[in-house]
Amino acid sequence: MSPIELAAAGFGLVNIVLVARRSIWNFGFGAVMVCLYFGVFFEARLYSAAALQIFFLGAQLHGWLSWRRQNHADQPVAVRSLSSQGRLLALAGLGCGIAGLGFGMSHWTNAAAPWWDAANASGSMVAQILTNRRNVESWPGWIAVNLLSVWLYASQGLLATAALYAIFLCIAAWGWDQWRRAAPVIPK
């Protein structure tokens, strides 16, 4: 467990609590977290997770700009549910991401766990896009990612990160409840 991993975990904890509270300030903490985790994951040969941090850095900026347009910084952002078509599109993106990253990492790198890392990275990308779009369904995605992350990071000796993702799992369940309550009811 390195000091950088511990610092990244600390910034990540603050980040997810602020996301669950629908605070725009989550993005600053998230940006620092992903910069630190890039090095941690690269050193652990979790290349999909390392590359994911580059995606996340861009997503932090995009999310901040998107959420900033929706509300004042001192107000929680409004959230909404995803359409059935949107859910299918998210699942298709997840499948394509796993297939592409998994194949690439298993054939062209010495990745430690190429397919599990690819599933984790792809799930994280889909969940982050849904978070930036303020979709309630981002939270079940984060719950699945967090379950996988606890096992994946523990198996690679990243114990502070595995512990962080166990905490993320609990916060994701809380966040899902908070966002469901805040989402407008859509008549069926």
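Here is a short conversation about a predicted model and the terms used to describe it.

User: Why is Arg-22 called buried?
Analyst: Its relative accessibility is 19%, and buried means under 20%, so Arg-22 counts as buried. You will find Arg-22 in the loop between α1 and α2.

User: And what makes Arg-134 buried?
Analyst: The relative accessible area of Arg-134 is 7%. The cut-off is under 20%, so Arg-134 is buried. Arg-134 lies in the loop between α5 and α6.

User: What is notable about phi at these two arginines?
Analyst: Arg-22 has a positive phi of about 60 degrees, and Arg-134 has a positive phi of about 65 degrees. Neither is a glycine. Most residues other than glycine have a negative phi.

User: Why is Ile-167 called partly exposed?
Analyst: Partly exposed is the range between under 20% and over 50%. Ile-167, in helix α7, has a relative accessible area of 39%, so Ile-167 is partly exposed.

User: How do you know that Ile-167 can belong to a surface patch?
Analyst: Patch residues need over 30% relative accessible area, and Ile-167 has 39%, so that requirement is met. Leu-13, Val-17 and Trp-174 join Ile-167 in the nonpolar patch, with about 300 Å² of accessible area together. Helices α1 and α7 each supply at least two of the patch residues.

User: Which element gives the most to the largest nonpolar core?
Analyst: That is α7, with 7 residues. The core has 40 residues, and Leu-46 is one of those with the most contacts inside it. Among the residues Leu-46 touches are Phe-41, Leu-152 and Tyr-153.

Notes
Residues numbered from 1 in each chain as written. Predicted model: local features only at pLDDT ≥ 70, side-chain atom pairs only at ≥ 80, totals over all residues. Heavy atoms only, no water. Patch = residues over 30% accessible without salt bridge, like charges linked within 9 Å, V, L, I, M, F, W, Y side chains within 5 Å. Areas by Shrake-Rupley, 256 points an atom, 1.4 Å probe, with all protein chains shown as cover. Salt bridge = Lys/Arg side-chain N within 4 Å of Asp/Glu carboxyl O. Helix = DSSP H or I, 4+ residues; strand = E, 2+ residues; numbered from the N terminus. Buried < 20%, exposed > 50% of the residue type's maximum accessible area, 1.4 Å probe, protein only. Core = buried A, V, L, I, M, F, W, Y, C linked by side-chain atoms within 4.5 Å. Contact = heavy atoms within 4.5 Å. Lists of a residue's contacts leave out its neighbours within four places in sequence.
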